[in-house]
Amino acid sequence: MPALSITSPDDPRIGDYLALTDVELRTRWEPPNGLFIAEGELVIQRALRAGYRMRSALVDEKRADQLTGLPPEAPLYTAPPPVLESITGFHVHRGILASFHRRELPAMEELLAGARSLAVLEGLNTHTNLGALFRSAAALGIDAVVLSPNCADPLYRRAVRVSMGEVFAIPYAKSDDWPGTLKAIRAAGFTLLAMTPGEGAVSIAALTPAQRERPALLLGAEGPGLTRTALEAADARVVIPMHNGVDSLNVATAAAIGFYEITR
């Protein structure tokens, strides 16, 4: 399809891309309308390879002739940088954005049946941490991710960008029954391991072979950590030993260490 020039942020054809820096607006707009935004050629190509269907692309007009591999049926809109910035609310330094159709998430039962290891996330509402965590999960052999109802959206632009598109590489499902889903995870044969620096936690390196057979690493939000209900639902509490008086790590960093340990 030939490139279509955009000269005004009021052009109705580029409504998917308006005010991308307004988190509240985008959260209200994207999931109900079944779309998400990918930023940068690498992330866009990973979304395409994962089978997501592109709605359209919005590109810096100077880069339009350099792009390859975009689906011909999706409109390609071009605009000069000042217009791009007025549309999106930020300088699009990667030069390309694309809007994609979301896919239906797998049922929780299906997700659990197809996995040998899980990341289980309670209340993770920071998109950068969530994106980094998904990237580590994909890289370190975690089969699937379970999200509590109050977790952030893995397909929000910032989460997708920080994950370098690895949110597309690992299946996930969002619970509609919390903490009931924790019981379902244990009933499916997983050992639920709550990561916490609190009382009763043992070194994650001391896990037994049986605990490593089908591990589900349970992580809470930055700061408050896991709720008491989640801690009480776990089979065991585990901790990363610390030195020099440091009491905890960023949740994405802690998750990466935990993923490596439970899958080695």
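Is Arg 135 of this predicted model buried, exposed or partly exposed? Arg 135 is partly exposed, because its relative accessible area is 43%, a value between the limits of 20% for buried and 50% for exposed residues.

## Surroundings of Arg 135

Arg 135 belongs to helix H5, which covers residues 127–139. When neighbours within four places in sequence are set aside, the contacts of Arg 135 are Val 162, Ser 163, Met 164 and Glu 166. In sequence, Arg 135 and Ala 221 are 86 residues apart, and their C-alpha atoms lie 17 Å apart in space.

One of these contacts, Met 164, has a backbone feature of its own. Its phi is positive, about 55 degrees, although Met 164 is not a glycine. Met 164 is placed in the loop between helix H6 (157–162) and S8. With a relative accessible area of 27%, Met 164 is partly exposed.

## Overall architecture

The protein chain contains ten helices and twelve strands. Its C-alpha trace spans about 60 × 40 × 30 Å along the principal axes. The radius of gyration is 20 Å, which agrees with the value near 18 Å that a compact globule of 264 residues would have.

Contacts between residues distant in sequence are well represented: of the contacts between residues at least 6 apart in sequence, 77% join residues at least 24 apart. Among the 264 residues, 48% count as buried. The chain exposes about 12200 Å², of which carbon and sulfur atoms supply 51%. The chain carries 25 positive and 29 negative charges, and the mean positions of the two sets are 3 Å apart.

## Nonpolar cores

The largest nonpolar core has 47 residues, and the members that touch the most others are Phe 100, Leu 121, Phe 168, Leu 217, Leu 219 and Phe 259. Helix H10 (residues 251–263) gives the largest share of this core, five residues. Apart from this core lies another, of 21 residues, including Leu 112, Ala 115, Leu 226 and Ala 233.

Which residues does Leu 217 touch, not counting those up to four places away in sequence? The list comprises Leu 118, Ala 119, Val 120, Leu 193, Met 195, Ile 204, Val 238, Ala 255, Gly 258, Phe 259 and Ile 262.

## Ile 240, a buried loop residue

Ile 240 lies in the loop between strand S12 (236–239) and H10. Ile 240 counts as buried because its relative accessible area is 11%, which is under the limit of 20%. Beyond its neighbours within four places in sequence, Ile 240 is in contact with Met 195, Ile 204, Leu 249, Ala 254 and Ile 257. Met 195 and Ile 204 also appear among the residues touched by Leu 217.

Ile 240 and Pro 9 are 231 residues apart in sequence, and the C-alpha to C-alpha distance between them is 49 Å.

## Backbone geometry at Pro 179 and Ala 19

Where is the cis peptide bond from Trp 178 to Pro 179 placed along the chain? Pro 179 is found in the loop that runs between strand S8 (172–174) and helix H7 (180–187). The omega angle of the bond from Trp 178 to Pro 179 is near 15 degrees.

Ala 19 has a positive phi, near 50 degrees, in a residue other than glycine. Ala 19 is located in the loop between strand S1 (4–5) and helix H1 (23–29). Its relative accessibility is 25%, so Ala 19 counts as partly exposed.

## Arg 63 and Pro 81

Arg 63 lies in the loop between strand S3 (54–60) and strand S4 (76–79). Outside the neighbours within four places in sequence, Arg 63 is in contact with Glu 41, Arg 94, Gly 95 and Ile 96. Arg 63 and Ile 37 are 26 residues apart along the chain, and 18 Å separates their C-alpha atoms.

Pro 81 is part of helix H3, which covers residues 81–88. The relative accessible area of Pro 81 is 27%, and the residue is therefore partly exposed. The C-alpha atoms of Pro 81 and His 91 are separated by 7.3 Å, with the two residues ten apart along the chain.

Note on methods: Residues are numbered from 1 along each chain as its sequence is written. This is a predicted model: local features need pLDDT of at least 70, side-chain atom pairs count only at pLDDT 80 or more; totals for chains, interfaces and linings use all residues. Side-chain values use heavy atoms; hydrogens and water are left out. Helices (H or I, at least four residues) and strands (E, at least two) are DSSP runs, numbered from the N terminus. The radius of gyration is taken over C-alpha atoms; the globule rule is 2.2 Å times the number of residues to the power 0.38. Buried means under 20% relative accessible area, exposed over 50%, partly exposed in between (1.4 Å probe, protein chains only). Contact means heavy atoms within 4.5 Å. Accessible areas come from the Shrake-Rupley method with a 1.4 Å probe; for residues, only the protein chains shown count as cover. Lys and Arg count as positive and Asp and Glu as negative; His and the chain ends are not counted. The place of a charge is taken as NZ of Lys, CZ of Arg, CG of Asp or CD of Glu. A nonpolar core is a set of buried Ala, Val, Leu, Ile, Met, Phe, Trp, Tyr and Cys residues joined through side-chain atoms within 4.5 Å.
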